[in-house]
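Here is a short tour for anyone who likes to read a model contact by contact. Take a look at the sequence and the fold, and then let us go through the details together.

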Amino acid sequence: VQLQASGGGLVQAGDSLRLSCAASERTFSTYVIGWFRQVPGKEREFVAAVSRSGGSTYYADSVKGRFSISRHNAKNTVYLQMNSLKPEDAAVYYCAAGQVLGSREGLYYYWGQGTLVTVSS
């Protein structure tokens, strides 16, 4: 499955931003979708994931309560709503598809290109 992440941009601390991850296939609903982020020079880290139906979600502690992941299977799209953004949230955000809900990168085997989020203080 091909994934296309979008929605990144430059915002101020405290602002909100919504990222989208669009897929090319009707089988999109058969995949768990995760969001990861990476700052240059650092390892990629898990942000959030959503189950196939959207009924289960999983978040990194650093974003819990501020970010919300959801999916619209009829539109082959997963969203990451990011509220109360902090400068430390700035990164390239990637979406990925797998079969198991979890935070390990190895669980995901299809990756989209990243979308850059910049947060000014």
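Are Lys64 and Asp61 buried or exposed? Both Lys64 and Asp61 are exposed. One thing to keep in mind from the start is that this is a predicted model.

## Salt bridges

Lys64 and Asp61 are also partners: they form a salt bridge whose closest N and O atoms are 3.0 Å apart. The structure has five salt bridges in total. Three of them, this pair included, are set out here.

| Salt bridge | Closest N and O atoms |
|---|---|
| Arg37 and Glu45 | 2.5 Å |
| Arg66 and Asp89 | 2.7 Å |
| Lys64 and Asp61 | 3.0 Å |

As background, side chains of opposite charge can pair when their charged atoms come close.

The bridge between Arg66 and Asp89 spans two loops. Arg66 sits in the loop between strand S6 (57-59) and S7, while Asp89 belongs to the loop between S8 and S9, so their contact ties together parts that are 23 residues apart in sequence. Arg66 counts as buried because its relative accessibility is 12%, under the 20% cut-off. For Asp89 the value is 0%, so Asp89 counts as buried as well. Salt bridges with shared partners join Arg66 and Asp89 with Arg37 and Glu45 into one network. Within that network, Arg37 is buried, with a relative accessible area of 6%, whereas Glu45 is partly exposed at 36%.

## A buried arginine without a salt bridge

Which side chain of opposite charge is nearest to Arg71? It is Glu25, at a distance of 11 Å, and Arg71 has no salt bridge although it is buried. Arg71 is placed in strand S7. Its side chain does have polar partners: it reaches the backbone oxygen of Ser51 at 2.7 Å, and a polar contact of 2.7 Å joins it to the side chain of Asn73. Leaving aside residues up to four places away in sequence, Arg71 touches a list of residues that includes Phe28, Tyr31, Ile33, Val50, Ser51, Gly54 and Val78.

## Aromatic pairs

The model holds six aromatic pairs. In one of them, the ring centres of Phe36 and Tyr108 are 5.3 Å apart and the planes meet at 75 degrees; the pair is edge-to-face because that angle is over 60 degrees. This pair links distant parts of the chain, with Phe36 in strand S4 and Tyr108 in strand S10 (residues 108-111), 72 residues apart. Phe36 is buried at 1% relative accessibility, and Tyr108 is buried with a relative accessible area of 4%.

Phe36 has another aromatic partner in Trp111: here the centres are 5.0 Å apart, the planes are at 50 degrees, and the pair is tilted. Since Phe36 lies in strand S4 and Trp111 in strand S10, the contact ties together parts that are 75 residues apart in sequence. Trp111 is partly exposed, at 28% relative accessibility. Which residues make up the aromatic cluster around these pairs? Phe36, Phe46, Tyr58, Tyr108 and Trp111 form one cluster.

## The nonpolar core

In soluble globular proteins, nonpolar side chains tend to be buried together. In this model, the largest nonpolar core has 37 residues, and Trp35, Leu80, Met82 and Tyr93 are those with the most contacts inside it. Several strands each supply at least two residues of this core, among them strand S1 (3-6), strand S3 (17-23), strand S4 (32-38), strand S8 (77-82), strand S9 (91-98) and strand S11 (115-120).

## A glycine and its distant neighbour

Gly9 is found in strand S2 (residues 9-12) and is partly exposed, with a relative accessibility of 25%. How far apart are Gly9 and Val117 in space, C-alpha to C-alpha? They are 5.0 Å apart, although 108 residues separate them in sequence. Val117 is also in contact with Gly9, as are Leu17, Leu116 and Thr118, when residues up to four places away in sequence are not counted.

Key
Residues numbered from 1 in each chain as written. Predicted model: local features only at pLDDT ≥ 70, side-chain atom pairs only at ≥ 80, totals over all residues. Heavy atoms only, no water. Core = buried A, V, L, I, M, F, W, Y, C linked by side-chain atoms within 4.5 Å. Buried < 20%, exposed > 50% of the residue type's maximum accessible area, 1.4 Å probe, protein only. Helix = DSSP H or I, 4+ residues; strand = E, 2+ residues; numbered from the N terminus. Lys, Arg positive; Asp, Glu negative; His and termini not counted. Salt bridge = Lys/Arg side-chain N within 4 Å of Asp/Glu carboxyl O. Polar contact = N/O pair within 3.5 Å; in protein donor to acceptor, adjacent residues only side chain to side chain. Contact = heavy atoms within 4.5 Å. Phe/Tyr/Trp six-rings, centres within 6.5 Å; stacked < 30°, edge-to-face > 60°.
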